[in-house]
Structures are given as structure tokens and as C-alpha cells.
Amino acid sequence: MSETADMIRADDGELWQRARQGEAECFGVLFDRHGGAVRAFCARRTGSIDAADDLVSIVFLEAWRRRGEVELVDGNALPWLYGIARRTIQHRWRTAVRHRRALERLAPAPATPDHAEEVAGRLDDERHLARLRAALERLRPPDRDVLLLCVWQGLTYAEAAVALGVPVGTVRSRLSRARSRLNAETGSLNIVDPATCPVAAPTQRQEMP
């Protein structure tokens, strides 16, 4: 078996251990394995594909900096990575608020048209994400995060508990409350159906009741 095939077959725990011992390629395998899921979470949480593209790199850089603190669930590091992503987004949001307040004191810059061929399709995706974020903004932040992780990102209750740093029972109650709130306000969850979201989601591994 080749070294590359051996790394691909290894679980996250083995890859993290080997990466910490100097095998940088193992961290690259972890990025390839989980980068898409982290990007999807960031896009849905921020409502911006561009922001998600930037955040993925930041999340994995932070993960590498904290590689000695990794917490695995059945050999899977993705819940821990979602936790880093959630905290990174919170920090970015606070920074953006400070920057926005500073910019509001300046004269607005003239708009620069974007002539890229893919702009139309990208705008459609951004509009969908904006509608998604508008629906989620009706929720309390803790309820919003658990809905994103369990419904869109396909985490089990135990994995979401690791990502959020709360007990499993708290995950269950928050998810139930979030779904009830959205049903009461929108009449359905179609606006937040993973199948209709332009950002690819990981395969759901557990059907949530």
C-alpha cells in the first residue's frame, strides 16, 4: 500500500498524531477530508460564500495552532473543527462591527462593477444564503448554531455537543426549540432545507427526530 493510500485510510486521530510528529502531508489530508464541510457551515452561518472561502483557511490555521488540543468523536475531528469555526466567526463578526462603525464615518467609495462571467450564478447563491441567514437571525444564537450543525452539517447530538461545548441534553432542547420557532414564524422549514441550499452539505449520517 502506498503512503498516500495509507494516509487516506487512516482515521482523523491517527492523522493528527502523525501531523504533530512532523508529517505535514497528513494535515493536508485532513483539510481535503473536512474543508468542504467547514466551508458549508461558514457559508450558512455568515450568509456569504466569499466570507466562507476566507474563513476556511483561518479555521484550519487555528486548528493547526491548537493541534495539541484536538477532541475526537469516534476518531472524527469534524465536530471540533466546527467549534473552531463557530468561535472564528464570532470573533470576525465583532471585528467587522468595529470596522463598519469606522467606515460609516467616511465618505462612501464609488461602486466598482464586476464583469466576471460567473457573477450571475454567484449572486443567486448569495441571495439564497441571505434568505437563509434572515430566517436564522430570528433565532437565539445558541439555537441557531445547533440547528446549523445538526440539520445542515449532519452532526449527531454527541458530535454537536463537542462542537458547542455543551451537554447532549442541551443540544436536544435547543434543536427542538429552534425548529418550533421557525415553524411558528415561517410555517415550514423549506427555506432552510439542506437540499435547496447552494452550498454542498456533507451526507447526513443520522436522521434527526
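This report walks through the fold, the core, the charged pairs and the confidence of a predicted model.

**Overall fold**

Let us start with the broad picture. The protein is built from nine helices and has zero strands, so its order along the sequence reads α-α-α-α-α-α-α-α-α. Of its 209 residues, 41% count as buried. Contacts across the sequence are well represented: among those with a separation of 6 or more, 68% link residues 24 or more positions apart.

**The nonpolar core**

Nonpolar side chains tend to be buried together in soluble globular proteins. Here, the largest nonpolar core has 49 residues, and the members that touch the most others are Val38, Tyr82, Leu147 and Val171. Two or more residues come from each of α2 (12-20), α3, α4, α5 (78-103), α6, α7 (141-152), α8 and α9 (168-186). Helix α3 gives the most to this core, with nine residues.

Helix α3 deserves a second look for its geometry. Spanning residues 24-46, α3 has a kink of about 50° centred on His34. After α3 comes Gly47, with a positive phi near 75°.

**Cysteines**

How many disulfides does the model have? The count is zero. Cys26 is buried, with a relative accessible area of 0%, and Cys150 is likewise buried at 0%.

**Salt bridges**

Side chains of opposite charge can pair when their charged atoms come close. The structure holds 10 salt bridges, and three of them are set out here, with the N to O distance for each pair.

| Pair | N to O distance |
|---|---|
| Arg65 and Glu62 | 2.6 Å |
| Arg144 and Glu137 | 3.7 Å |
| Asp143 and Arg140 | 3.4 Å |

Where does the pair Arg65 and Glu62 lie? Both residues belong to helix α4 (residues 49-65), three residues apart, or about one turn of the helix. Arg65 is exposed, with a relative accessible area of 58%, whereas Glu62 counts as partly exposed at 21%. The cut-off for buried is under 20%, so Glu62 at 21% falls outside that class.

Is Arg144 buried or exposed? Arg144 is buried, with a relative accessible area of 8%, while its partner Glu137 is partly exposed at 41%. In the pair of Asp143 and Arg140, Asp143 is buried, at 3% relative accessible area, and Arg140 is partly exposed at 42%. Elsewhere, salt bridges that share partners join Glu14, Arg18 and Glu23 into one network.

**Confidence**

Finally, a word on how far to trust the coordinates. The mean pLDDT of the protein is 77, and 68% of the residues score at least 70. Which elements mark the two ends of the confidence range? Helix α6 (residues 119-136) has the lowest mean pLDDT, 64, and helix α8 (residues 157-164) has the highest, 93. Helix α6 is also one of the elements that give two or more residues to the nonpolar core.

Over residues 193-209, pLDDT stays under 50. For this stretch the model has 43 contacts beyond four places in sequence. Where pLDDT is low, the predicted coordinates should not be read in detail.

Note on methods
Residues are numbered from 1 along each chain as its sequence is written. This is a predicted model: local features need pLDDT of at least 70, side-chain atom pairs count only at pLDDT 80 or more; totals for chains, interfaces and linings use all residues. Side-chain values use heavy atoms; hydrogens and water are left out. A salt bridge is a side-chain nitrogen of Lys or Arg within 4 Å of a carboxyl oxygen of Asp or Glu. Helices (H or I, at least four residues) and strands (E, at least two) are DSSP runs, numbered from the N terminus. Buried means under 20% relative accessible area, exposed over 50%, partly exposed in between (1.4 Å probe, protein chains only). The bend at a residue is the angle between axes fitted to the seven residues ending there and the seven starting there. A disulfide is a pair of cysteine sulfur atoms within 2.5 Å. pLDDT is the predictor's confidence in each residue, from 0 to 100. Contact means heavy atoms within 4.5 Å. A nonpolar core is a set of buried Ala, Val, Leu, Ile, Met, Phe, Trp, Tyr and Cys residues joined through side-chain atoms within 4.5 Å.
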